Each structure stands twice: as structure tokens, then as C-alpha cells.
Amino acid sequence: MEILGLPAHPLVVHGAVVLGPLAGLVSLAYLRPAWRGLLRWPLLVGAVAAMVFLVLAAVSGESLLESREQLRQLDGMHDHEEGGELARNLTLLFGVLAIATTALQRRLHGVLATAAPVATALAAVAMIVVIALAGHSGASLVWG
């Protein structure tokens, strides 16, 4: 995959490492019940954008490895691939939880009204950590 002759992976990964953690931080603020009405749409849009960019980053990374087999020989590439897959999967989990939580915001009562945002926030924290680790390993491959 290329964009204007450049490999797509280093381009789309910037969206992934910015939008994923940003949406995750919004989900932490969403824990405050008074802010939920204000943050409903930013969380929903951010979660969907994060999912799109993480999937694009994974697909473009696989495409880059297929087109440049020599990259597989780099020390740390396996760790970066594993981290990227985990980041994609956690982002998809976070996104599904965020969509369900925001879509059902007005219908949830009692324990579910608290549990859904907490589960979303926990997935967000895991996602942020794994995105940071996968991003760091990729940056180390390129710049280290």
C-alpha cells in the first residue's frame, strides 16, 4: 500500500498513535456522569476514528512487510508485529465498548450505567499502553 509513492504504514500510523490514545483519554473523562452528555459524540467519533486508523495501520504494516521481506530480519520486528496486532485488537474492543456505551447511554440504569463506562475506560487504558509500546518498538526499529 502506498500513498503518493510513499509506504502507507508510516503515514497512517500517525493517526493511530494520536487518535487511539486521544479517544481513550476522552473515555476516562466520560467516567464523570456530569460530562457524559457533552462527551458522548466526541467519544463515539473518536472511537470509530481510532478503530479505522488502527486497522489501516495493521493492514498497511502487513503490506509493507510483504513488499519488503528484508524488514522481517530486523531485531525487534516480531515484537512490533505482535504489539501492533494486540493494539488493533484492543482498539477494536475499546471501540465496540465505546459505541455500545454511548449508544445506550440513556437506556442504562443502576449498575450498568456505571459498569459500561468503567469497562470502556479499562479497555482504553490497556489500549493506550499497548499503542505506546507498539509505537515505541516501531520507532526503535526505524530510528534506533
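This is a working chat about the predicted model shown above.

Biologist: What does the secondary structure of the chain come to?

Modeller: In this predicted model, the secondary structure comes to four helices and two strands, and reading along the sequence gives the pattern β-β-α-α-α-α.

Biologist: And what does the C-alpha trace span along its principal axes?

Modeller: The C-alpha trace of the chain spans about 55 × 30 × 20 Å along those axes. The accessible surface of the chain comes to about 8,300 Å², and 70% of that surface belongs to carbon and sulfur atoms.

Biologist: How much of the chain is made up of buried residues?

Modeller: Buried residues make up 38% of the 144 residues in the chain. As for contacts, if one takes those between residues at least 6 apart in sequence, 78% of them join residues at least 24 apart.

Biologist: OK, on to the largest nonpolar core. Which residues touch the most other members?

Modeller: That core has 19 residues, and the ones that touch the most other members are Leu43, Leu54, Ala87, Phe94, Ala98, Met127 and Ile131. At least two residues of this core come from each of helix H1 (8-29), helix H2 (36-67), H3 and helix H4 (111-143). As general background, nonpolar side chains in soluble globular proteins tend to be buried together.

Biologist: Take Leu43, then. Which residues is it in contact with?

Modeller: Once neighbours within four places in sequence are left aside, Leu43 is in contact with Ala23, Val26, Ser27, Tyr30, Phe94, Ala98 and Thr102. Phe94 and Ala98 appear among those contacts, and both are also listed with the core residues that touch the most other members.

Biologist: Switching topic: what volume does the largest pocket have?

Modeller: The largest pocket has a volume of about 860 Å³. Among the 31 residues that line this pocket, those closest to its centre are His9, Pro10, Val13, His80 and Gly138, and the elements giving two or more residues to the lining are H1, H2, H3 and H4.

Biologist: Which element gives the largest share of that lining?

Modeller: H4 does, with eight residues of the lining of the largest pocket.

Biologist: And how do the lining residues divide into nonpolar, polar and charged?

Modeller: The lining of the largest pocket divides into 19 nonpolar, seven polar and five charged residues.

Biologist: You named His80 there. Is His80 buried or exposed?

Modeller: His80, which lies in helix H3, counts as buried because its relative accessible area is 18%, and the cut-off for buried is under 20%. Not counting residues up to four places away in sequence, His80 touches His9, Ala134, Ser137, Gly138 and Leu141. His9 and Gly138, two of those partners, are named along with His80 among the lining residues closest to the pocket centre.

Biologist: How far apart are the C-alpha atoms of His80 and Ala16?

Modeller: They are separated by 14 Å, with their positions 64 residues apart along the chain.

Biologist: Ser137 was one of the His80 contacts. Where is Ser137 placed?

Modeller: Ser137 has its place in helix H4, and with a relative accessible area of 19% it is buried. Measured against the chain, Ser137 and Gly84 are 53 residues apart in sequence, while their C-alpha atoms are 9.5 Å apart in space.

Biologist: What about Leu86, since you have been in H3?

Modeller: Leu86 also lies in helix H3, but at 43% relative accessibility Leu86 counts as partly exposed. The C-alpha atoms of Leu86 and Ile131 are 8.5 Å apart, with the two residues 45 apart along the chain.

Biologist: And Arg88, which residues is that one in contact with?

Modeller: Arg88 is found in helix H3, which covers residues 77-103, and, leaving aside neighbours within four places in sequence, Arg88 is in contact with Leu54, Val55, Ala58 and Glu62. Between the C-alpha atoms of Arg88 and Ala47, which are 41 residues apart along the chain, the separation is 12 Å.

Biologist: Last one: where is Leu4 found?

Modeller: Leu4 is in the loop between strand E1 (2-3) and strand E2 (6-7), and Leu4 has a positive phi of about 55° although it is not a glycine. Leu4 is exposed, with a relative accessible area of 86%.

Methods
Residues are numbered from 1 along each chain as its sequence is written. This is a predicted model: local features need pLDDT of at least 70, side-chain atom pairs count only at pLDDT 80 or more; totals for chains, interfaces and linings use all residues. Side-chain values use heavy atoms; hydrogens and water are left out. Contact means heavy atoms within 4.5 Å. A nonpolar core is a set of buried Ala, Val, Leu, Ile, Met, Phe, Trp, Tyr and Cys residues joined through side-chain atoms within 4.5 Å. Buried means under 20% relative accessible area, exposed over 50%, partly exposed in between (1.4 Å probe, protein chains only). On a 1 Å grid over the protein atoms alone, a cavity is a set of points where a 1.4 Å probe fits but cannot get out, and a pocket is an open set with protein on both sides within 12 Å along at least five of seven lines; lining residues have an atom within 4 Å of a point. Grid points are joined across faces, edges and corners, and a volume is the space filled by probe spheres set on the points. Ala, Val, Leu, Ile, Met, Phe, Trp, Tyr, Cys and Pro count as nonpolar, Asp, Glu, Lys and Arg as charged, and the others, Gly among them, as polar. Accessible areas come from the Shrake-Rupley method with a 1.4 Å probe; for residues, only the protein chains shown count as cover.
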